[in-house]
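Thanks for making room for me this morning. I would like to walk you through one structure, slowly, and please stop me if a term is unfamiliar.

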Amino acid sequence: MQQLFKPEEWFSNVKGDFLAGAVVALALIPEAIAFSIIAGVDPKVGLYASFTIAIITSFLGGRPAMISAATGATALLMTPLVGDHENGLQYLFAATILTGVLQLIWGFIKVGNQIKFVSRAVMIGFVNALAILIFMAQLPQFENASWVVYAMVAGGLAIIYLLPRLTKAVPSPLVAIIIITLISLATGSTVPTVGDMGELPTTLPSFSLPQVPFNLETLKIIFPTALAISMVGLLESFLTANVVDELTDTASDKNREAKAQGVANFITGFFGGMAGCAMIGQSVINVQSGGRTRLSTLSAGVLLLFFMLVVAKWVEIIPMAALVAVMIMVSIGTFSWGSLRNINKIPRSETAVMLTTVVITVFSHNLAMGVFAGIALNAVLFARKLADLVFVDSLLSPDGNNRIYNVAGQIFFVSVNHFLKAFDFQEDLESVKIDLTHAHLWDQSAIAAIDKVVLNFRRKGAEVNLVGLNEASATLIDKLAVHDKSDDLHDLSSH
Amino acid sequence: MKILLCTDGSLSSQVSYEYVAWLGSQIEVEIEILYVTDQRKVQAVKTKDFSGSIGIDSYQNLLDKLVEIESESAKINHQRAKYILQEAKSFLEGKGITKVKITHTTGFLVDQFYKFEPNADLIILGKRGENANFAAAHLGSNTERIIRASHKPCLVTPRAFSPVNRILLAYDGGKSCQKAIEYLTNLSAFKPLELHIISVAHHDGKNATQHLEEAKNIARNKEFNPICNILFGDTEPEMEKYVAEQNIDFLIMGAYGHSRIRNLVIGSTTAQMLQGSQIPILLFR
């Protein structure tokens with residue numbers, strides 16, 4: 001039943017969803033502001049984006065109860081685009097729209113089904129790299145800062161971390177922000193505030209076209225950024241969807257989510273927002289606060305807009321130090337500490353994949369690059385492991401004239417050397433039987449290896465028999481092998 | 001006949017067992033008892049954590065916590081399901097029905113229903129479920145959805161059992177009514193009972209007479225001797241009046257009337273009869 005509107009996805013948990021939405025909205029405000037600052041744009045860009053993305057994904061998304069908004073992962077990719085161009089903000093809007101279009105395409109070609117290529121090790125590398133980058137993005141706030149800033153950050157962290165041990169009835173990051181702001185006001189300190197970082201929203205977001213020339217030049221500027229954002233956005237969204245799937249023990253529709261993210265970013269670009277995606281931390285907060293259905297996402301979006309318009313003039317006086325404390329907590333919460341604790345238990349190759357993802361990301365400041373490096377290394381290491389699983393044992397007949405080789409495993413480009421080493425061509429035999437019942441030949445390299453084995457034995461005067469080929473392997477031999485086509489034998493010299 | 005009996009262990013379900021037992025005493029039946037643990041109840045674990053703060057390894061910690069809470073309640077639910085199904089089975093076996101299969105799944109009854117429906121010739125379910133102890137005149141939400149979704153005849157049982165002696169077929173000539181009369185006349189369980197057929201006339205009664213004649217002939221051909229009547233006035237109150245006056249204790253009707261718009265949901269007459277009625281209603285689509 002492919003029904004777009006299912007009542008149980010909306011109204012099965014109204015009270016819990018609404019409360020969770022409120023908690024999430026309050027937690028989203030500082031994050032959206034902080035991510036805007038990471039991207040190098042006015043706080044209102046992130047806030048507008050969080051509003052539109054949350055609302056649109058609540059209706060279209062494939063994972064009820066997942067929170068999508070302006071995120072660190074996407075913001076980090078935007079920094080160069082915004083910083084390197086005079087008209088950076090407008091290019092960002094254009095890139096956001098293009099991101100949406102690309103994600104829609106990913107959705108239609110069902111990229112959600114390909115998420116299986118991203119292993120758990122790469123995923124852990126992804127979140128760890130994300131956590132490190134968010135943390136690093138806070139460091140500029142400490143440059144030439146007075147001791148007051150350090151004290152405020154430390155105080156804020158203490159409140160966020162310790163308050164939930166006393167009471168779980170109020171959002172602790174919000175309490176931290178309020179207390180730090182009050183202290184800052186009371187002492188009349190001159191630490192930098194959110195107001196110093198740029199404009200805050202005073203009205204509802206309104207429709208406008210990005211002020212960029214519509215030509216190939218613009219496309220060249222925005223395309224690489226949009227492509228990276230579209231992929232990183234979907235990756236984090238799928239990862240978050242898996243997290244929420246596990247937490248709520250329900251299933252999600254990844255391809256529908258990809259399309260929803262696409263539509264959300266496409267529209268957000270026209271309403272003065274930056275591209276975003278699903279947020280792991282916020283989604284966990286949502287579930288933790290009792291949110292289970294689409295209503296939680298919708299109420300988070302609507303309440304965010306309400307709060308940001310109501311409290312806009314108060315937001316200005318929040319010291320940046322308070323936001324930095326929230327962001328440090330976000331980065332601590334995002335990091336997978338378990339991956340460090342268990343580093344001895346996890347296979348070394350997987351740790352290598354995880355670390356590669358982290359290191360490449362941190363140096364390139366590009367999560368997409370890190371993930372691709374991780375996937376590539378993972379594939380190579382996996383191929384190597386698979387190649388180790390080629391077993392050849394042999395049996396000599398009592399008269400010493402015939403030998404049977406039993407081959408088991410996957411024969412492909414990585415494993416051919418291992419495979420060839422198992423044969424003894426020096427032995428004096430009348431006939432050789434090679435039993436491939438438990439083997440599979442995958443590619444040209446495998447066929448070439450078989451050729452080599454057969455021809456080598458023939459040169460030594462032994463009759464060679466291949467038996468037990470499965471259908472796919474036999475077809476490949478028919479097409480590519482030379483040992484069974486005597487005319488082609490001279491080709492082997494050119495191999 | 002294969003019967004799918006949907007139960008949730010409520011009082012209303014107990015009544016359905018009795019009707020199943022009655023059917024089983026008349027004809028040979030094969031019964032699948034279905035209990036669906038409602039996922040919503042498991043899912044919406046009430047966490048009272050509004051701290052909005054994500055600590056170290058928050059996702060893993062939260063997952064562990066949820067698994068712990070939910071495994072407890074799930075265990076209880078499984079026990080409950082086993083108990084309910086076992087009780088239903090032994091009740092039916094006590095009444096001499098041997099072919100009883102019990103099935104337990106988790107999810108939403110409405111979503112799971114389609115998997116079991118094709119194997120059944122008749123669906124039996126209580127009028128109101130365990131979640132519906134308030135607003136007693138209303139139809140249980142699950143019941144209504146099942147009736148809407150089902151392609152098979154549905155027997156909706158009332159809040160109390162009474163022996164079946166007189167059955168009433170409300171006939172309006174519609175497709176679902178034609179199915180109903182065919183089904184009923186082919187069922188030997190109904191042979192010994194007193195059959196009433198009524199048709200409700202709104203204006204001149206010409207249509208109604210024609211329909212009634214048609215139904216009468218079908219029934220007579222199958223060796224029934226129906227008592228036929230035409231009622232004048234509004235459908236629901238007239239039918240209810242007739243049921244009360246004639247001591248009818250089993251009602252058969254089409255789930256859909258003639259009015260097109262109402263076809264989107266179940267027929268308005270059907271809905272009203274289901275709500276108001278004290279007797280079992282067998283519905284046809």
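I will begin with one chain as a whole, then look at a strand inside it, and finish with two places in the other chain.

Before anything else, please keep in mind that what you see is a predicted model, and that the values I quote are computed from it.

Let us take chain B, where there are 9 helices and 10 strands. Of the 285 residues in this chain, 51% are buried, and the accessible surface comes to about 13700 Å², with carbon and sulfur atoms accounting for 50% of that area. If we consider the contacts in chain B between residues at least 6 apart in sequence, we find that 79% of them join residues at least 24 apart.

Now, why can we say that strand 9 of chain B is largely enclosed by the rest of the structure? The strand covers residues 250-254, and 5 of its 5 residues are buried, which is to say under 20% relative accessible area, so the surrounding structure largely encloses it. Both faces are covered, with B:F250, B:I252 and B:G254 buried on one side, and B:L251 and B:M253 buried on the other.

Which strands pair with strand 9 of chain B? Strand 6 of chain B, residues 166-170, runs parallel to strand 9 and is joined to it by 3 bridges, and here B:L168 stands opposite B:L251. Strand 10 of chain B, residues 281-284, also pairs with strand 9 in the parallel sense, over 4 bridges, and in that pairing B:I252 stands opposite B:L282.

Let me turn to chain A, and to helix 8, residues 172-187. This helix has 16 residues and reaches 22 Å from its first C-alpha to its last, close to the 22 Å expected at 1.5 Å a residue. Its buried residues are A:S172, A:P173, A:A176, A:I177, A:I180, A:T181 and A:S184. It helps to remember that an α-helix has 3.6 residues a turn, so residues three or four places apart point the same way. What covers the buried residues of helix 8 includes helix 2, helix 7 and helix 13 of chain A, and just after helix 8 comes A:G188, which takes a positive phi of about 60 degrees.

My last stop is on the surface of chain A, where A:V101, A:I105, A:I109 and A:F266 make a nonpolar patch of about 330 Å². A:F266 is found in helix 10 of chain A, residues 254-270, and is partly exposed, with a relative accessible area of 33%.

How values were computed:
Residues numbered from 1 in each chain as written. Chains lettered and ligands numbered in written order. Predicted model: local features only at pLDDT ≥ 70, side-chain atom pairs only at ≥ 80, totals over all residues. Heavy atoms only, no water. Helix = DSSP H or I, 4+ residues; strand = E, 2+ residues; numbered from the N terminus. Buried < 20%, exposed > 50% of the residue type's maximum accessible area, 1.4 Å probe, protein only. Contact = heavy atoms within 4.5 Å. Areas by Shrake-Rupley, 256 points an atom, 1.4 Å probe, with all protein chains shown as cover. Pairing = 2+ DSSP bridges. Expected span 1.5 Å × (residues − 1). Patch = residues over 30% accessible without salt bridge, like charges linked within 9 Å, V, L, I, M, F, W, Y side chains within 5 Å. Salt bridge = Lys/Arg side-chain N within 4 Å of Asp/Glu carboxyl O.
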